[in-house]
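Dear colleague,

I am handing over the structure we spoke about, and below it you will find an account of what was found. Please read the text with the coordinates open beside you.

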Amino acid sequence: MIKLLHVITFWRLHLMLFYYEMESMLMCFQKDLGSISSEIISLQRKSVAMSQQLSNRQAIRGPLSQFIEDMTVSEALISGIMDCSVMDKEFLAQLQILNYKINFVREQSTKAKSCIDVQDILEKLKVKAMTKIRHYLLEQIYKFRKPMANYQILQNSMLKYKFFYEFILVNKDDVAEEICEEYVDTMSKIYCSYFKAYSSKLMKLQFEEKPTKDDLMGIEDTARHSLFHKSTLKHRGTVFSINTRDAVLTTELEASIIVPLTASNIRYHYEALFRSEQYAVVDNACREYLFLTEFFKVNGNEAMRIFNKVMEKTLNLVSKNLQSFVDDCYDTIALFLCLNLVMRYQLTCHKRAVPALDKYWDHLTKIIWPRFEYIFQLNIQSIRDCDPSKFNKETGPHYITRRYAEFSAAMVSIVEGFPCEGVTQLLAELREAVQCFLLRMASIFPSRINQLIFLINNYDLVLSVLIERTRDNSKEAESFREQLNARSSEYVEAVLNQYFDGIIQLIKESENFIEKNQDEDLKRQEGKALALVQYFTDTWQRSLKNINDEILKSFPNLVIGNALVQRAMTQLVQYYNRFHKILPPNARTKLTNIHHIMVEVKKYKTNY
């Protein structure tokens, strides 16, 4: 028993020792785990710090490398600027690099002290580059001065190297100004010389015979063939007819300019020469303006200033040439065409985005318009001053009417495309003067019917020409159409009165009695009505033929003649129906059947 207790005690002691050792071991293990956790946290912190350092270094590596590269002046840059020709592609490429480095160092000079290390060499390279560029650009400008040089090709060549001027402009504005002034002075003289020679040769192609103050609309034909008057203008056509002269505003507006050398045997109206000269101005001026804005990097007022210095002498020369023509011009159509050419070319310049010629076009307008208005008023006054007694008593279209018809059709057809209030007002004054002249002219005929024939022939002529060459609803056409209709109605009435005066008078009197219910007065007309019925039955066929012959004989234009015949026949049928209504029943039976009359009337209907 005692041994068993010793054994139990022994194992208890061993077990307690084992637990103690296990506890010590676990406590030590726990302590070691805590130490490892602290080390892991420390390592994590170190890892994060290292990662941040790496990220910072990588972030600054790119900009720092780029900064160093931008600051570095390479051997290739030095060699390209110093040794390469200006026209080599390598020089242009290295010049762009140099320009970038100069701008970069200028920007960084207040931030980085390292810029001091490269400023000196960059400055020397800049001076060398500008020296070479200045020499090259001036050399190119001097090429413009050579005889027969094609300055358009030279300009295109300079545009390929427009960065040269931009480089100088940014870095040395006084050198840039020198180059610009040299170019301006050179081109100003070239353009002036070119247009002086071209205009001089061009004007030699003009018709030698020109309209004079004796070629006004109201001047009698006899005045133009007097002893002291020049020979008839053979090659200019009529002064008042436009014919194909308005082609300068359409198909020829932007056609090639006239070359005097190849056209030496051809003669032109002034407006054709003016068109050629002005189109040359438009072509050269627009190209020059666009070149100046692109090469010299200018716009707005500065572009206008340089352009004016280049083109001022030339534009003044062309303006003086125009003034010289206008001062002695009596060709209204030529002036009007020139005025419209100015308006159209101004629009052309705007389409090409070139506003530089606006003042020039306004100046040309101020030269042309006063003379145009003055000559127009002279024509109007010449018609007002016409003495109808000096003309032959002919009922056909008057030659002044024909002049007016051609002239107004020409003006109206052009104004339709480009409305002009001033011209519209002048045309209205001219129209009124011509209509008054025709009335005064008609008054020289003793009989009213001849007066009407004269007026209808003249109104018809004007209307026919206007309708053929302008819109049907122009003010001129509407005015003469109203006059023609009114006189035609009066004429038809007058012709019918010649043959059926008694019947027409009876109709009007009887209708008046019926309207007023005057039956007694109406009955007293029966005897007269029976006599007129018999007269009509005996004479109506012969009267129709006489009316037809008389009308066609009076009007050379078969269209208006036939129209008046039909109008007269229609009016007669209407009178016949009214006549039938007012007759008593016993008289109606003696009247010719209306169908017989209609069949006879249709015989006089012709198609023209």
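To begin at the N-terminal end, Phe29 lies in helix H1, which covers residues 2-71. Please keep in mind throughout that this is a predicted model. Together with Leu33, Ile36 and Ile40, Phe29 forms a nonpolar patch on the surface, and the accessible area of these residues together is about 380 Å².

Next come the open and enclosed spaces. The largest pocket holds about 630 Å³ of space. It is lined by 20 residues, of which Met148, Ala149, Tyr151, Tyr194 and Tyr198 are the closest to its centre. Two or more lining residues come from each of helix H5 (151-159) and helix H7 (173-203), and H7 makes the largest contribution, with 6 residues. By class, the lining of this pocket consists of 14 nonpolar, 3 polar and 3 charged residues.

As for enclosed space, the count comes to 1 cavity of 30 Å³ or more, and the largest cavity contains about 50 Å³ of space. Its lining is made up of Phe500, Ile503, Ile504, Phe536, Leu572, Tyr575, Tyr576 and Phe579. Helices H16 and H19 (558-582) each supply at least two of these residues, with H19 giving the most, 4 residues. In contrast to the mixed lining of the largest pocket, with its 3 polar and 3 charged residues, the lining of the largest cavity has 8 nonpolar residues and no polar or charged ones.

Turning to the charged side chains, the count comes to 19 salt bridges, and I describe some of them here. What distance separates N from O in the salt bridge between Arg431 and Glu476? The side chains of Arg431 and Glu476 meet at 2.9 Å, N to O. Because Arg431 belongs to helix H14 (residues 421-442) and Glu476 to helix H16 (residues 475-515), this pair ties together parts of the chain that are 45 residues apart in sequence. Both Arg431 and Glu476 are buried, which for each of them means a relative accessible area under 20%.

Helix H16 also carries a salt bridge between partners within the helix itself, since Arg481 and Glu478 both lie there, 3 residues apart, or about one turn of the helix. The side chains of Arg481 and Glu478 meet at 3.2 Å, N to O. Arg481 is partly exposed, with a relative accessible area of 22%, and Glu478 likewise counts as partly exposed, at 32% relative accessibility.

A further salt bridge within a helix joins Asp549 and Lys545, whose closest N and O atoms are 2.8 Å apart. These two residues are 4 residues apart in helix H18 (residues 526-554), so about one helical turn separates Asp549 from Lys545. Asp549 is partly exposed, with a relative accessible area of 36%, and Lys545 is partly exposed as well, with a value of 44%.

Elsewhere in the chain, Arg245, Glu271 and Asp331 are linked to one another in a network of salt bridges. As general background to these pairs, side chains of opposite charge can pair when their charged atoms come close.

Finally, two backbone angles may deserve a look when you go through the model. Most residues other than glycine have a negative phi. Asn243, however, has a positive phi, near 50 degrees, and is found in the loop between helix H8 (221-224) and helix H9 (270-295). Is Asn243 buried or exposed? Asn243 is exposed, with a relative accessible area of 53%. Lys297 also has a positive phi, in its case near 55 degrees, and lies in the loop between H9 and helix H10 (300-326). Lys297 is partly exposed, with a relative accessible area of 38%.

With best regards

Technical notes: Residues numbered from 1 in each chain as written. Predicted model: local features only at pLDDT ≥ 70, side-chain atom pairs only at ≥ 80, totals over all residues. Heavy atoms only, no water. Salt bridge = Lys/Arg side-chain N within 4 Å of Asp/Glu carboxyl O. Buried < 20%, exposed > 50% of the residue type's maximum accessible area, 1.4 Å probe, protein only. 1 Å grid on protein atoms, 1.4 Å probe; cavity = no way out; pocket = protein on both sides within 12 Å on 5 of 7 lines; lining within 4 Å. Points joined across faces, edges and corners; volume = space filled by probe spheres on them. Nonpolar A, V, L, I, M, F, W, Y, C, P; charged D, E, K, R; others polar. Patch = residues over 30% accessible without salt bridge, like charges linked within 9 Å, V, L, I, M, F, W, Y side chains within 5 Å. Areas by Shrake-Rupley, 256 points an atom, 1.4 Å probe, with all protein chains shown as cover.
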